[in-house]
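Hi there,

Here is the structure I promised to pass on to you. Have a look at it first, and then read my notes below.

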Amino acid sequence: MRANWLMAVTMVLGSMLAGCYESPDVILHKPGVYKGAKDPLVEKQAMPEQQKQLAARFNQVQTDR
């Protein structure tokens, strides 16, 4: 009887501790440095046609302010 109780407590504690596992892999990032994928909109935003379209769209919704 005592062996069954000890086995049950051991299994419960083991399963509780298994849920607390955290991966030891740590990723350190340098502040201010973006290392993600290139954004295609950055190049598009530099074009004068795109700037005109954005200014027109901005003026459509900001006229009441």
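**What I found**

Going along the sequence, the protein chain has the pattern α-α-α. The radius of gyration of the protein chain is 29 Å, well over the 11 Å that the globule rule gives for 65 residues, so the chain is more spread out than a compact globule. Please keep in mind that this is a predicted model.

The count of elements is quickly told: the protein chain has 3 helices and 0 strands. If you draw a box along the principal axes, the C-alpha atoms of the protein chain fill roughly 80 × 30 × 20 Å.

**Surface and charge**

How many of the 65 residues count as buried? The share is 2% of the protein chain. The chain exposes about 7000 Å², and carbon and sulfur atoms supply 63% of that area.

As for charge, the protein chain carries 8 positive and 6 negative charges. The mean positions of these two sets are 2 Å apart.

**Helix α1 and its nonpolar patch**

Helix α1 covers residues 2–18, and Leu13 is found in it. Is Leu13 buried, partly exposed or exposed? Its relative accessibility is 47%, and because buried means under 20% and exposed means over 50%, Leu13 counts as partly exposed.

Leu13 also belongs to a nonpolar patch on the surface, which it forms with Val12 and Met16. Together these residues have about 290 Å² of accessible area. If you want to find the patch on your screen, Val12, Leu13 and Met16 are the names to select.

For a sense of distance along the chain, take Leu13 and Val33, which are 20 residues apart in the sequence. Their C-alpha atoms are separated by 43 Å.

**Helix α2 and Lys44**

The other residue I looked at is Lys44, whose place is in helix α2, residues 40–45. Lys44 has a relative accessibility of 40%, so Lys44 counts as partly exposed too.

Where does Lys44 sit with respect to Met16? The two residues are 28 apart along the chain, and 52 Å separates their C-alpha atoms. Met16 is one of the residues of the nonpolar patch described above, so you can use that patch as a landmark when you look for Lys44.

That is what I have for now. Do write back if you would like to go through any of it together.

Best wishes

How values were computed:
Residues numbered from 1 in each chain as written. Predicted model: local features only at pLDDT ≥ 70, side-chain atom pairs only at ≥ 80, totals over all residues. Heavy atoms only, no water. Helix = DSSP H or I, 4+ residues; strand = E, 2+ residues; numbered from the N terminus. Buried < 20%, exposed > 50% of the residue type's maximum accessible area, 1.4 Å probe, protein only. Rg over C-alpha atoms; globule rule 2.2 N^0.38 Å. Areas by Shrake-Rupley, 256 points an atom, 1.4 Å probe, with all protein chains shown as cover. Lys, Arg positive; Asp, Glu negative; His and termini not counted. Charge placed at Lys NZ, Arg CZ, Asp CG, Glu CD. Patch = residues over 30% accessible without salt bridge, like charges linked within 9 Å, V, L, I, M, F, W, Y side chains within 5 Å. Salt bridge = Lys/Arg side-chain N within 4 Å of Asp/Glu carboxyl O.
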